[in-house]
Amino acid sequence: MDDCDVLIVGAGPVGTTLALELALQGVSFRIVDKSPARSEKSRALIVHPRTLELLDRHGSVDKLISRGTITRGGVLNISRKLIARIDLDDLDITDTKYPLPLMVSQAETEQFLDESLAEYGKAVERAHTATSIVQDAHGVTTTLDKPDGTQTTVRSKYVVGCDGAHSVVRHSANKLTFDGDAYPQDFILCDARLDNSNVARDRFTICFGETGLLAFFPIQSSHSEGEGKENSLIRLIASGGRSVLKHPPQPGSAAVPAEPQQHGEQTHEPPTLAHFQSLLDSIAPPGSGTVHSPIWLARFRLHHRGVNSYRSDRLFVAGDAAHIHSPAGGQGMNVGIQDAINLGWKLGTVLKYRDTLTEEAREALLDSYHAERYPVGRALLQGTDRLFSFTATASPWVLRVRNAVLPWVVPWLAGMKWTRKRFHGFISGFGTTYSGLGSRRESCVVGGGGDGVNTSWSSWLWSLSSSSSSSSLPKKVRSGDRLPDGKVIELGRTAGGKTASDLLAKRKEARLHQLCGGASWHLLLFSGIGTEEGRDAVTVEGLTLASERVLQVVKSECSLHYIFYHAAEEDRARSAGQGQQRPGDSKLQPVHTAVATGESAVPAASYADPGGRIHGVLGLDNGSAGYVMVRPDGYISHIGYLSSLKEFVKEWETRVHV
């Protein structure tokens, strides 16, 4: 019997991402998959900005970006006429290195994940099929069929099902249900190339016609091949199933009706290239081209289903094992990857600190996985179902209403930057927040305050950005939100006797997300901007005292960072003209950051925030010093001014316990 801490069943993008997280955390695991090799077919096409940020923690995601096409927006056509161009590249999104989604083959994404996993010295065990999973009070026993026909038994503390819609892990958990239904129509897909085409290669294109929907998604970067854009691969998806087929099967053929209710590819009656050419000629605008050289033609049946719980004692589910839905918005793989990242650091913490954390703390941390991710999956199911039912309907009267109304509504919405910005916030993943779960005691690793998990499809458009009424909390970012990114200047391990200007002249920049990488928590302590006279900005000694108070109660590894405000050139010039001295003008004292486990600290580096840009993004721009506690997954657990540090420490002792 082979032992490990965690057994991952399923090695698609979700399972492999979980393996990356566990490797980063340094816990033992095995990852198995029943397939002997990865598929060259691409089911998922879009890697959204938040996913790019998170994957960049395991290796340069620029390698993946080079294999695809950055998507700058969308095009909507109705009745073969251009209705609107939806731009996403003019939204002034500055708090991330990756503001736009990436169109790339899932096969390329999986290859990038495999390469990243190999950097940790780990690999997927292929052709291993889980046939029996039995849990007890102390662990889980899993029986695997091996490629040589023999069986082996694995004993692990936890098992995670990343094994798709027909998950063996989910079926092995008596407490989990998977309620939902199938969509009434099936869908056809074609990965091919286009000749003499005016279809945009840096945008997705949606075409609504009298018989249904046709969509174009660029898969492969044209410049990567060096043979012109007409050689780049593109995906065509059509709704309506049989109603869009111009060439039904001949009598006596082996084709069977599309009755199977299983989610995924249907092997009967695949579409032909002629089917798709007829759609281009009847639904797409003139000049859309000639489709040729297909590498994949398929028919799909789609379901919308979700589990009632993401955890059943020692069994967990993630990705398609927890939620399946329509491809509207390209959210499926991205949400699954983020499921894995949320669960990975929590399993790692529980396993690494099993001797120092209480059982109550371990269970509360693992329970927070369901508390945080279930609302995201549920909102995704509800939102994509409504959108998909409207856009991909086969109802003739709904088609007529849709095609009559959208030409008036979409150009109006697309013309307003704030609506596009809210839309971007949702599809990018940046808008997902766990804020509010702390005040309702649903997640132990989210501080109090906030308004709840913001994942609904309506909230990105109509809700105004809300903030806590508590004066101890910044107004722009809340507990449970994603940590925004931005640039700071590295000051080095010591700055004694040197002015800020001396050090900033070297301009060794770092990004906030770089600082907050790795397996640990991160405590960011900000000096504050202070007043015109330089009051209220906290010194090194003040930040050191604050950090000591926090590190006394933190049991997990925690990296400590001091970030000092430094006046921008224009601010210092203005202050000098008024005979004043702004914070950051004077000589700096020796400063450092630290990596701590509650008992020890190792000097690292310190940073300057020129012009207080990071202070401002985080809402710490009223002059006072503040703190931000960042989780290993890049979300903020607690944020506030140093005046509320005592309450933060007390909450950590009484609720967080890690």
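In the protein chain, 74% of the contacts with a separation of 6 or more are between residues 24 or more positions apart. The model is predicted. Its single protein chain has 18 helices and 31 strands. Of its 658 residues, 57% are buried. The chain exposes about 26,800 Å², and carbon and sulfur atoms supply 52% of that area.

**Salt bridges**

Side chains of opposite charge can pair when their charged atoms come close. A search of the whole structure finds 29 salt bridges. Three of them are set out here.

| Pair | Closest N to O | Separation in sequence |
|---|---|---|
| Arg482 and Glu53 | 2.8 Å | 429 residues |
| Asp87 and Arg203 | 2.7 Å | 116 residues |
| Lys175 and Asp313 | 3.3 Å | 138 residues |

Take the pair of Arg482 and Glu53, which form a salt bridge. This pair links distant parts of the chain: Arg482 is in the loop between α12 (459-462) and β21 (487-492), while Glu53 is in helix α2 (residues 49-55). Are these two partners buried or exposed? Arg482 counts as buried, at 6% relative accessibility. Glu53 counts as buried too, at 7%.

Next comes the salt bridge of Asp87 with Arg203. Asp87 lies in strand β6 (residues 81-87) and Arg203 in the loop between β12 and β13 (204-208), so the pair ties together parts that are 116 residues apart in sequence. Asp87 is partly exposed, at 23% relative accessibility. Arg203 is buried, at 7%.

Lys175 and Asp313 meet through their side chains. Lys175 sits in the loop between α5 (168-172) and β12, and Asp313 in the loop between β18 (311-312) and β19 (315-317), so this salt bridge ties together parts 138 residues apart in sequence. Lys175 is exposed, with a relative accessible area of 52%. Asp313 is partly exposed, at 40%. Shared partners also matter for the count of links: Arg50, Glu53, Asp95 and Arg482 are joined into one network of salt bridges.

**Aromatic rings**

The structure holds 12 aromatic pairs. One aromatic cluster is formed by Tyr158, Tyr310, Phe316, Tyr369 and Tyr374. Tyr158 also has a charged residue over its face: Arg314, at 5.3 Å from the ring centre. Elsewhere, Lys122 lies over the face of Phe29, at 5.4 Å from the ring centre.

**A small set of strands**

Which strands make up the open sheet with antiparallel pairing? Three strands form it, in the order β3-β7-β4. β3 (46-47) and β4 (69-70) stand at the edges with a single partner strand each, so one side of each has no neighbour in the sheet. β3 and β7 (residues 102-103) run antiparallel and are joined by two bridges. Val47 has Leu102 of β7 as its bridge partner.

**Two helices**

Helix α7 spans residues 273-282. Its buried residues are His275, Phe276, Gln277, Ser278, Leu279 and Leu280. What covers them includes β12 (178-195), β14 (213-218), β15 (234-238) and β17 (290-307).

Helix α11 (residues 417-427) contains Gly425. Gly425 has a relative accessible area of 19%; because the cut-off for buried is under 20%, Gly425 counts as buried. Leaving aside residues up to four places away in sequence, Gly425 touches Phe430 and Gly431. Gly425 and Ile93 are 332 residues apart in sequence, yet 9.8 Å apart in space, C-alpha to C-alpha.

Conventions: Residues are numbered from 1 along each chain as its sequence is written. This is a predicted model: local features need pLDDT of at least 70, side-chain atom pairs count only at pLDDT 80 or more; totals for chains, interfaces and linings use all residues. Side-chain values use heavy atoms; hydrogens and water are left out. Helices (H or I, at least four residues) and strands (E, at least two) are DSSP runs, numbered from the N terminus. Buried means under 20% relative accessible area, exposed over 50%, partly exposed in between (1.4 Å probe, protein chains only). Contact means heavy atoms within 4.5 Å. Accessible areas come from the Shrake-Rupley method with a 1.4 Å probe; for residues, only the protein chains shown count as cover. Rings of Phe, Tyr and Trp (its six-membered ring) pair if their centres lie within 6.5 Å; planes under 30 degrees apart count as stacked, over 60 as edge-to-face and the rest as tilted. A charge sits over a ring if NZ of Lys or CZ of Arg is within 6 Å of the ring centre and within 35 degrees of the ring normal. Two strands pair if DSSP finds at least two bridges between them. A salt bridge is a side-chain nitrogen of Lys or Arg within 4 Å of a carboxyl oxygen of Asp or Glu.
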